[in-house]
Structure formats: C-alpha cells, structure tokens
Amino acid sequence: AFAMRYGADIYALRIGNVIEPHEYVNFPGYLDDPMCRKRNAWSYIDARDLGEIVHLCLEKDGLGFHVSARLVRCRRRPLSAMPCSPRLASASGPC
C-alpha cells in the first residue's frame, strides 16, 4: 500500500550468511566439523553477488513492492566427496 500510495519502490531482501572472498579458504575446515555450519545449512551468498543485487535494486525503478526470498548461492559441484545423506546424518541433532 505504501509503495502504491507514494509511488516508491520497496525491495525487501532476506539476506542470510554473507561470505567474503577471503573466507573461502575456511570451507575445507567446515567439512571436518559440519555442525559448525548447521545454523546456516551450508547456504551462503558471496558478498560480491549481494553487492550486485543491491546495486540492481537501486538502479531499477517501477516495480513497487517486491520481496525476495532468502538469497543463497548454489554450487554446481559439492564441497565434499561424501554423499549428502551421510553428511546430513552426521550433522543431525538438536538445533
């Protein structure tokens, strides 16, 4: 209603775990201790990708109110050679 009433664009971004380029060296350690990433469920967004998304939001005009679901990055290749089922089982437990 606010966006329509005042002609303003509102973009709501649900930003999760932001990873900076220098932090990628930590990923092998995450494989040794999967519980350390349980909170984020291995989801993350690269800081550069987030910067581009915010930049595009600022440049775009006329969409009104828009909510973006959780912003995450998906990998084509897994970080681990271990199949997902055993990895998930090893990380199960109370939240």
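**Close-up views around Asp46 and Tyr24**

Glu20 counts as partly exposed because its relative accessibility is 41%; buried means under 20% relative accessible area, exposed over 50%, and partly exposed in between (1.4 Å probe, protein chains only). The model is predicted: local features need pLDDT of at least 70, side-chain atom pairs count only at pLDDT 80 or more, and totals for chains, interfaces and linings use all residues. Residues are numbered from 1 along each chain as its sequence is written, and side-chain values use heavy atoms, with hydrogens and water left out.

**Figure 1. The protein chain holds four helices and four strands.** Their order along the sequence is α-β-β-α-β-α-β-α; helices (H or I, at least four residues) and strands (E, at least two) are DSSP runs, numbered from the N terminus. Of the 95 residues in the protein chain, 21% are buried. About 7200 Å² of the protein chain is exposed, with 58% supplied by carbon and sulfur atoms (Shrake-Rupley method, 1.4 Å probe). Among contacts (heavy atoms within 4.5 Å) between residues at least 6 apart in sequence, 79% join residues at least 24 apart.

**Figure 2. Confidence is given for the protein chain and its elements.** The mean pLDDT (the predictor's confidence in each residue, from 0 to 100) of the protein chain is 75, and 69% of its residues reach 70 or more. Among the elements, helix 3 (residues 47-59) has the highest mean, 89, and helix 4 (residues 84-90) the lowest, 63. Where pLDDT is low, the predicted coordinates should not be read in detail.

**Figure 3. Asp46 is shown with Glu20.** Asp46 lies in strand 3 (residues 45-46), whereas Glu20 belongs to the loop between strand 2 (18-19) and helix 2 (27-32). The two residues are 26 apart along the chain, and 6.1 Å separates their C-alpha atoms. Asp46 counts as buried because its relative accessibility is 2%.

**Figure 4. Asp46 forms a salt bridge with Arg48.** A salt bridge is a side-chain nitrogen of Lys or Arg within 4 Å of a carboxyl oxygen of Asp or Glu, and a search of the whole structure finds one. The closest N and O atoms of Asp46 and Arg48 are 2.7 Å apart. Arg48 has a relative accessible area of 52% and is therefore exposed, whereas Asp46 is buried at 2%.

**Figure 5. The side chains of Asp46 and Tyr24 are joined by a polar contact.** The distance of this contact is 2.6 Å. A polar contact is a pair of N or O atoms within 3.5 Å; within protein, one must be able to donate a hydrogen and the other to accept it, and residues adjacent in sequence count only if both atoms are side-chain atoms.

**Figure 6. Tyr24, Phe27 and Tyr44 are linked into a cluster by ring pairs.** Rings of Phe, Tyr and Trp (its six-membered ring) pair if their centres lie within 6.5 Å; planes under 30 degrees apart count as stacked, over 60 as edge-to-face and the rest as tilted. The count by this rule is three aromatic pairs. One of them is the tilted pair of Tyr24 and Phe27, at 5.2 Å centre to centre with 50 degrees between the planes. Tyr24 and Tyr44 form an edge-to-face pair, at 6.1 Å centre to centre with 75 degrees between the planes. This pair links distant parts of the chain, 20 residues apart: Tyr24 is in the loop between strand 2 and helix 2, and Tyr44 in the loop between helix 2 and strand 3. Phe27 counts as buried because its relative accessibility is 5%; Tyr44, with a relative accessible area of 2%, is buried.
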